[in-house]
Amino acid sequence: MGVVSTRRAVAQGLAAASFALAVVVTAAGTGMAVPPPPPNPSDAEIDRSREAANSQAGRVGALTNQLAQAESRLVALQSDVEAKMEEANKALVDLETAQDDAAKARAEADAARRESDGANQAIDAARAQIDRFAAASLRQGSSVGSIPAYLSAKSPEDMLAKSGLLNAVSSSQLNVMDQLERARAAKANKDSLARAALERANIKQAAADKAKRDADGAQAIASQAQRDQVGRNQQLESERGTVEQALVQAQNQVGGLQAQRQRYQDWRAAKEREDAERARAAAEAAANQGGGGGSNNNNGGRPGGGGSARPPVVGGGSASTVISRALAQLGVVYAWGGGNAYGPTRGIADGGVADAHGDYRKIGFDCSGLMIYAFAGVGIKLPHYSGYQAQAGRRVPLSQMRPGDMLFWASGGRIHHVALYIGNGQMVEAPYSGSRVRVTSVRYGGIVPYATRLL
């Protein structure tokens, strides 16, 4: 129906144009009266075309509302993905810490074990020496030494000296044995404590491993939900585009019929003026008994105008060092997991949105990586997780934020994004996969109610 109506409107428009040309030619060549009227669409026909346009406009409005809701859902999903990505960052930081602790505990346990083994070897050697001393004494019939040693004494004083010497040797070895036993007990205790520390470190590492797997799984689920929503948005966009085209055609149909009606009304007004002019001319002729008439040529102008509104023009120590370092990275690509104290680095795989954008192949920054680089310029070391960065300094109300403060955004109580405030309501950030480091106005939707100040 729309195509037929459109063709009809075009045909009628051409007829009206032909009619206008005929008026000009006829009036110029013969001075005849206005020719027959142009087509005049009925009220019912105009009403039907207007109803069709209103119907299409209603569909466009409904789809626009659906798309607005879908875009709102997509924004929420994006925030959730960012939160999950930061949770994965946190889990990675915690896992690296746990791995370092476990490695240290293993080294301490190995050292304690070596010391215990050395103590055991020294005790075994001392015991063997005492056993040999006791065996020799037993073979010679004395518990303290050789009887021939006593018999070889040349005087009572010499015999007492030899006896004291043998007793001293025995006591010394027994004393050494006692000290070694105590040392072995101490080393064994240390070995036991080291093993316990290692066990705790291994448990902590296992928990961190599980947290990392859980975070990666949650991120993958959130990323899939976001991809599904992107597909739904694209479908709605396409559907709305189709309906908008139908609306334009329907509006053109209404406009064409209304234009025909206006041309008809203009023709009728011109006809009435001409009839009135003829009547006046006839009356004047009758009154003047054949006197000359005059011609009256009124040429009206159609009001017109236009213009365009000019868009408004929007004006636009340590903190400066931090800000300068961040601004020096404008245009650097976003790479999830990228960035350290020395500059942009290769991103890492996340199993979701970042992988879809190839972040693991890019050299760039993510939001917390950009902060690491900016603050490294003043000797401040930050962890690669925005949640920990929010705890790295003093919290101040947003009303008191100043250049060099960090701003954070959260969803569901979890921080998922960080940016650097640079003054005049502006901030620099590495926003999301597929984007680049940029300067933009501070977004207050989802922002946490404080800034973190390190300087």
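At 42% relative accessibility, Ala-68 counts as partly exposed, since that value falls between the 20% limit for buried and the 50% limit for exposed residues. The model in which Ala-68 is described here is a predicted one. Ala-68 belongs to helix H2. Its C-alpha atom lies 10.0 Å from that of Leu-236, although 168 residues separate Ala-68 and Leu-236 in sequence.

Helix H2 covers residues 43-139 and also holds Ala-102. Is Ala-102 buried or exposed? Ala-102 has a relative accessible area of 0% and is therefore buried. Apart from residues up to four places away in sequence, Ala-102 touches Leu-198, Ala-201, Asn-202 and Gln-205. For Gln-205, the C-alpha to C-alpha distance from Ala-102 is 7.0 Å, with their positions 103 residues apart in sequence.

Helix H4 spans residues 156-288, and Ala-207 is found in it. Ala-207 has a relative accessible area of 46%, so this residue is partly exposed. The C-alpha atoms of Ala-207 and Ala-98 are separated by 8.9 Å, and the two residues are 109 residues apart along the chain.

The chain as a whole can be described next. It contains 8 helices and 8 strands. Of its 455 residues, 33% are buried. The exposed area of the chain is about 26000 Å², and 55% of this area is supplied by carbon and sulfur atoms.

Further along the chain come two other helices, H5 with residues 319-327 and H7 with residues 367-376. Their axes are 7 Å apart, and the helices pack at an angle of about 135 degrees. That angle makes H5 oblique to H7, because it lies outside the 65 to 115 degree range for roughly perpendicular axes and does not pass the limit of 145 degrees for roughly antiparallel ones. The crossing of H5 and H7 is right-handed. On the H5 side, the contact is made by Val-322, Arg-325 and Ala-326. On the H7 side, Leu-370, Tyr-373, Ala-374, Phe-375 and Ala-376 take part. Sorted by class, the residues in this contact of H5 with H7 are 7 nonpolar, no polar and 1 charged.

How many of the 10 residues of H7 are buried? The number is 9, so H7 is largely enclosed by the rest of the structure. The buried residues of H7 are Cys-367, Ser-368, Gly-369, Leu-370, Met-371, Ile-372, Tyr-373, Ala-374 and Phe-375. Among them, Gly-369 is in contact with Gly-339.

Gly-339 lies in the loop between H5 and strand E1, which is formed by residues 345-346. Gly-339 is buried, as its relative accessible area is 5%. Besides Gly-369, and leaving aside neighbours within four places in sequence, Gly-339 is in contact with Pro-344, Thr-345, Gly-364, Phe-365 and His-384. Gly-339 and Ile-363 are 24 residues apart in sequence, and their C-alpha atoms are 8.2 Å apart in space.

The last site is in another loop, the one between strand E5 (414-423) and strand E6 (426-429), where Asn-424 is found. Most residues other than glycine have a negative phi. Asn-424 is not a glycine, yet its phi is positive, at about 55 degrees. Is Asn-424 buried or exposed? Its relative accessible area is 69%, so Asn-424 is exposed. Gly-339, by comparison, is a loop residue that is buried.

Definitions and conventions
Residues are numbered from 1 along each chain as its sequence is written. This is a predicted model: local features need pLDDT of at least 70, side-chain atom pairs count only at pLDDT 80 or more; totals for chains, interfaces and linings use all residues. Side-chain values use heavy atoms; hydrogens and water are left out. Helices (H or I, at least four residues) and strands (E, at least two) are DSSP runs, numbered from the N terminus. Buried means under 20% relative accessible area, exposed over 50%, partly exposed in between (1.4 Å probe, protein chains only). Accessible areas come from the Shrake-Rupley method with a 1.4 Å probe; for residues, only the protein chains shown count as cover. Axes are lines fitted to C-alpha atoms, for helices over the stretch in contact, and angles run from 0 to 180 degrees between N-to-C directions. Angles under 35 degrees count as roughly parallel, over 145 as roughly antiparallel, 65 to 115 as roughly perpendicular and the rest as oblique. A crossing is left-handed if the near helix is turned anticlockwise from the far one by less than a right angle, and right-handed if clockwise. Contact means heavy atoms within 4.5 Å. Ala, Val, Leu, Ile, Met, Phe, Trp, Tyr, Cys and Pro count as nonpolar, Asp, Glu, Lys and Arg as charged, and the others, Gly among them, as polar.
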